Amino acid sequence: MQMILRTGLVCLFSLSMFAVMAQRFGGNRPGIKWKQIRNDTARIIFPAGLDVQAAEIASLIRLLAKETSGTIGEEVRQVPIVLQYSPVVSNGYVGLAPFRSEFYMNPPAGSYSLGTLPWHLQLAAHEYRHVQQYNNFNKGLSKLGSIVLGEEGQALMNAASIPDWFFEGDAVFQETAESGQGRGRIPYFFNEFKVLKESGASFSYMQLRNGSYRYLYPGHYELGYLLVGYGYEKYGTDFWRKVTDDAARFKGLFYPLQKAVKKHAGIPYQNFVQDALKYYNQQFEEKNTGTKRAGYVSNWANPHPAENGVLWHKSSYRDIPAFYLKTSEGSRKIISRQIGTDDYFSERNGKLVYTRYGIHPRWTWTEYSDVVLLDLSSRKEKRVTKRQRLFSPDINTAGTTIAAVENNTTGKSTLVLLDTTGTITRRFDFPLHLLKNVSGNGVFTYPKFDGDTALVTVLRFPNGTNALATMQLSSGNFRLLTSPSFQVLGIPNVTEQYIYGNAGLRYEDRLIRIDKNTGATTFYTGVTRAYAPALAGDSIVFGKFTINGTLPGSVKHTEENWQPVEPGEWNTTPLYLPKTLKEVEDITRAARDSFQVYPYKKSHRFINIHSWRPFIEASELSFSVYGQNVLNTFQSETYYRYNINEGSHAVGAAGVFGGWFPYIRAGIDYNMDRNALVSGGRRLAWNELTANIGAQVPLQFNSGRFYRTLSMATSFNNRSILFKGLAKDTLQNRKFNFLRGTISYSAQIQQATQHIFPRFAYSLSADFQSIVNNYTGRQLLLTAGLYLPGLHKTHNLVLTGAIHRRDSANDYRFSNRFPHARGFTSENLYKMQKAAVNYHFPLAYPDWGFGNIVYLMRLRANLFYDHSRIADNFRLSNNQVRYLEFDQRSTGVEIYFDTKWWNQLPVSFGLRYSRLLDDDIFGRSPNQYEFIVPVNLF
């Protein structure tokens, strides 16, 4: 029961931290000079160079707070927003504990899934909706949670009362309603639901909510948008404000949102979901093809016809990303691709270029995107650039020049030409003059060589529209081939007369063809959800979005299938919600307010108390208060702890500062009323004071094909043992210093969805502790792990080992973390070593749940054999002390359950049976059964 209680508390508090996993502690360089803009809704914190974007974000947020409060609530609390300028991944989040937001400012390199809106304004529209949600969900029992536990308490209660699909669906709806685009107007966003209807596959609500290791299901963003949009369309613009108000207050203690929907919609929640899906299905013009689901999902992307086949980028739920050559006889893997952020690549005459992802070893907010050149005949790779920010490269026919997009840290996008040594030879600025009355930063996407004299590229304008353009290399002059619109234009492929691509027309992504000379645009009838088309002989090849992923597709290139695009079709937006989204807004309409810019001091609210919580273990009760500053360079904990077994009390504080190259850690702990029985039946009592200070250097080397981490840490510790009571007069107080040093290194390749562990990985660690004065005390622990492929792509052979040594003086014993042979008693002995063999494999993918409480995604097993050798001085029955060595061998099976709780929180737990092959010297029986909560190595 104690284990169940503890695990339950861990799961609940994990829910409260669910929204803050994106933060990176101490990831910014210390030399950054931060600025700020303040108004009543937000404090925008940004580095030099982002002044314009910061002002536009502040202006739009102020406008959204006024215009959209009626749909969620009118509570306003100023939110700190940090503009992170150096990541190359496009993202953003809002979190509690502490309350703040971070925008990753680099615009997405592709347009299919996120669209073409100005990235910083799309982030503001989406992420500020989360701010509005948290501001207005702090009421009723949720408010009580924040009083009892701080911001973690509100996060916990909000996650328990309002599902993640509403948080994200409502935010996607806001970005759609407040712009001419947003994901709700992009055909790609609805693809999962459309192919689900097309296949005729049956599914349950819990499968939609939780997904699968086998099958393709829409995510909570897509499901959330459909449900939120339907609620607004059917029941009015105040529907979700009333529903979430009741839910956050827990009006209906169990399933509060479902009960609130029933109250305000007048129908059970299950019927509401069914009605919403039926509403959209009636508009999705998909015919039931009866397509059968494959055993797992595959994604084939960006085809390039080659001499003897078609080159593809392929990944799947069983395979890590790689380049393949597909012929009439089958497909052949060429090489695994290095770690990247997308599936884009280009190829000509046996030379293939793509980008790889990199990260600064220490300052993890600093990311890179570099060009890689692959020779297909030799399979030799060359990193062309180093620590650059380049995207979507293309190579010319001669293989001598590469075109790419460069996005710098101030938001400027430039079209660049570079040679194969990485030297940039020419730069071309964005042609803002092509669109009147537009200012700001435009973005280049998908540059493609048109022979040796021109480039074709898709331009994203600062007003959110995009257009296809051609540029003459000799003059640098641009010419629009299509009119700017909100319809997303996909990857172009250039032939002598035409440019092939895809665009959103008639509520679908369709193949289009543009005449380079006249700009006449036609679309291919009868084909939808086809991406990155390329001409291969008399056929067009493309990636076809299906229920089994994006699969290779092709059609015959026949002229009668090409039909002109009518002017009205080009500007049609797929609303699906004609009443709610009847007015198209301009996300850039907010006049840029005049703001005073101030320096932002890094010491601002340095100790920022945000949460407090109790924790219950089998023998210990504790209460901690947590702090973290907005820039995430300092974290603190102050605590009280009560040991039930001893009746002792402890108070302490600890903090870590991550703003310098090494982390600086310090802490102090005063433990009162410790006691223990000693020989003669006496009970000793003492107080214990421990103080420590140390440094840690955490390094990451995520580049090439491996994720690598290296962490080195050292600390100086002072401990005083102060005897009290009768012992005070007979024993001398003890005081000593000890050092602790740790080092760990791990490396792993990329991992596919169904992989339990990476198919190749290894880890090494060492932990050494030693008393340096007055007494003798030393301890060393070495551990290692090797992860290898099994007999199947989803199997793993895992080999682990450990060596433990400590001194035999017994003046002082450090805590024991040796991984004993499973099933045996864990004791801190003088000499211990272990080797283990594990074989992990999946048993089933049930995709089944109960009561919207627990959902079982995967059932897997591990067969293991452990062999430990232990040694120490043991007291025999005749009272003699002898040095003895023992084997501890065990074998058994572990069954793991990979689950999701409350339709959003992933939790893995398991059961273990161990058969002891040797007698346990401490008296355990040969058959041992245990409940386990696994901890991932990486």
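Which residues in α2 meet α3? In this predicted model, the α2 side of the contact consists of Gln-53, Glu-56, Ile-57, Leu-60, Ile-61, Leu-64 and Ala-65, and these meet His-120, Leu-121, Ala-124, Ala-125, Tyr-128 and Gln-132 in α3. Sorted by type, the residues of this contact come out as nine nonpolar, three polar and one charged. As for geometry, helix α2 (residues 51-67) and helix α3 (residues 119-136) pack at an angle of about 45°, and their axes lie 9 Å apart. That angle falls outside the ranges for roughly parallel, antiparallel or perpendicular, so the two helices count as oblique to each other. The crossing of α2 past α3 is right-handed.

Then there is strand β15 (residues 401-407). Seven of its seven residues are buried, so the strand is largely enclosed by the rest of the structure. In a regular strand, side chains alternate between the two faces of the sheet. Here both faces are covered: Thr-401, Ala-403, Val-405 and Asn-407 are buried on one side, and Ile-402, Ala-404 and Glu-406 are buried on the other.

β15 also has strand partners. Strand β14 (residues 390-395) runs antiparallel to β15 and is joined to it by four bridges, with Phe-391 standing opposite Val-405. The two form a hairpin with five residues in between, and Gly-399 in that turn has a positive phi of about 75°. Strand β16 (residues 413-419) pairs with β15 over seven bridges, again in the antiparallel sense, and Ser-413 is the bridge partner of Asn-407. This hairpin, too, has five residues between its strands, with Gly-411 in the turn at a positive phi of about 95°.

Note on methods:
Residues are numbered from 1 along each chain as its sequence is written. This is a predicted model: local features need pLDDT of at least 70, side-chain atom pairs count only at pLDDT 80 or more; totals for chains, interfaces and linings use all residues. Side-chain values use heavy atoms; hydrogens and water are left out. Buried means under 20% relative accessible area, exposed over 50%, partly exposed in between (1.4 Å probe, protein chains only). Two strands pair if DSSP finds at least two bridges between them. Axes are lines fitted to C-alpha atoms, for helices over the stretch in contact, and angles run from 0 to 180 degrees between N-to-C directions. Angles under 35 degrees count as roughly parallel, over 145 as roughly antiparallel, 65 to 115 as roughly perpendicular and the rest as oblique. A crossing is left-handed if the near helix is turned anticlockwise from the far one by less than a right angle, and right-handed if clockwise. Contact means heavy atoms within 4.5 Å. Ala, Val, Leu, Ile, Met, Phe, Trp, Tyr, Cys and Pro count as nonpolar, Asp, Glu, Lys and Arg as charged, and the others, Gly among them, as polar.
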